2 protein chains.
Amino acid sequence: MGRTSTARERLLDATGELMQHRGYSSLGVAEICAAAEVKKGSFYHFFTSKQDLTLQAVNAYWEGQRGAWTLALDGPDPALVRLRRLLEGMAQVQRHRKETCGTVDGCLLGNLTLELSTQEPDVRARLEEIFDEQTALIGDVLSQAADEGDIPREHAEQSVARAVIAHLEGLVLFAKLKNDPAVLDTLWPHTLLLVSAEEP
Amino acid sequence: MGRTSTARERLLDATGELMQHRGYSSLGVAEICAAAEVKKGSFYHFFTSKQDLTLQAVNAYWEGQRGAWTLALDGPDPALVRLRRLLEGMAQVQRHRKETCGTVDGCLLGNLTLELSTQEPDVRARLEEIFDEQTALIGDVLSQAADEGDIPREHAEQSVARAVIAHLEGLVLFAKLKNDPAVLDTLWPHTLLLVSAEEP
């Protein structure tokens, strides 16, 4: 049983890792199995197809990320301090990735969104749900910041929350393009402008 | 001669069109030739490889876009009015695409950036040059807006110009994900927040 669950997890980890770096279409099941050290026969014990694997790898990725989001956004600090903690944590992930692997691989969710488009409708639908969940989480923290008097009430809305994530995803795109996490150094000050707030 | 140049242009057009919708890795030369109604033998008369074709398709795409950028950003209007004209024009392209083809395909440059990463270094290098050129163009118009007293001087800098493009690319990502160009309706008001300006 232990061995079985390990093979599935290894496949999910390898998929997340390889897909974040290389995208969806250029990867095959055989290569993923080789990286995970799992036989191809075992693969079909866990997943019906590459699409199914991708959907589950996206879920596993967001499961891990959601934990980091909740950790950063919860607690007794003012809402803007918690938002800064979240965004700086995300910049830190890209810096760490560059230090340990040599490349800024960006965000698996953003990468797959732009690559898959209308292909793979199940994966696309799940990506949309995840980004909606992220927008709602940021929307909540903006609403709390408005309650605390730190941002104008009219900015505590979904479209501003989406702008915050759009700006983040766009900067991650540039960090990936330039393979330079320093692009993310202006993430927080420019997010403050988007939400019309002063440094907390 | 006329026929020869037409075949090359058809290949570039088909590549831009297919790649914007489907990405790089899932496309093969045979499919591109079929869409362009060009024989595979002729393909290698114009291009040495799929990479070479992609590089030239990216150049052709930006050549067309640069014309639209220059047209929007030039003229006697205040700088912020010209910036709004550029951004609203880009939102309009996605709306038109949805109306005519049924899908928001996003930005070929952004799509390829996130898909290609460290693969295809020549294409990646060219994408970086193009985004740097875009950043410089936005930086110039911000500098003019500061001269006109419409934005604070300290915001007329490259990092703010990059934030404007990052926010645009991020919203285009969401418009593509949701296949809904209405996501771009907040592009201009939120760009004004990023550059700390009032509606001109």
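This is a short dialogue on reading the interface, the cavity and the pocket of a predicted model.

Trainee: Which conventions should I keep in mind?

Mentor: Residues are numbered from 1 along each chain as its sequence is written, and chains are lettered from A in the order in which they are written. In this predicted model local features need pLDDT of at least 70, side-chain atom pairs count only at pLDDT 80 or more, and totals for chains, interfaces and linings use all residues, while side-chain values use heavy atoms, with hydrogens and water left out.

Trainee: How many residues does each chain bring to the contact?

Mentor: Contact means heavy atoms within 4.5 Å. Here chain A brings 41 residues and chain B brings 41 residues. Buried area is the accessible area (1.4 Å probe) that two parts lose on being put together, summed over both. Between chain A and chain B that comes to about 3,800 Å², with 69% from carbon and sulfur atoms.

Trainee: How many salt bridges cross the interface of chain A and chain B?

Mentor: A salt bridge puts a side-chain nitrogen of Lys or Arg within 4 Å of a carboxyl oxygen of Asp or Glu. The rule finds four across this interface, among them the one joining B:E128 to A:K178 at 3.3 Å, N to O.

Trainee: Which helix gives the largest share of the side of chain A that touches chain B?

Mentor: Helices are DSSP runs (H or I, at least four residues), numbered from the N terminus. On chain A, α1 (2-22), α6 (108-116), α7 (121-147), α8 (158-178) and α9 (187-194) each supply at least two residues of that side. The largest share, 15 residues, belongs to α8(A).

Trainee: What lines the largest cavity?

Mentor: On a 1 Å grid over the protein atoms alone, a cavity is a set of points where a 1.4 Å probe fits but cannot get out; lining residues have an atom within 4 Å of a point. A volume is the space filled by probe spheres set on the points, which are joined across faces, edges and corners. One cavity of 30 Å³ or more turns up in the whole structure. Its lining is A:F131, A:D132, A:T135, A:R162, B:F174, B:L177 and B:K178.

Trainee: And where is the centre of the largest pocket, in terms of the residues nearest to it?

Mentor: A pocket is an open set with protein on both sides within 12 Å along at least five of seven lines. The largest holds about 430 Å³. Of its 22 lining residues, A:Y61, A:Q65, A:G89, A:M90 and A:V93 lie nearest its centre. α5(A) gives the most to this lining, with eight residues.
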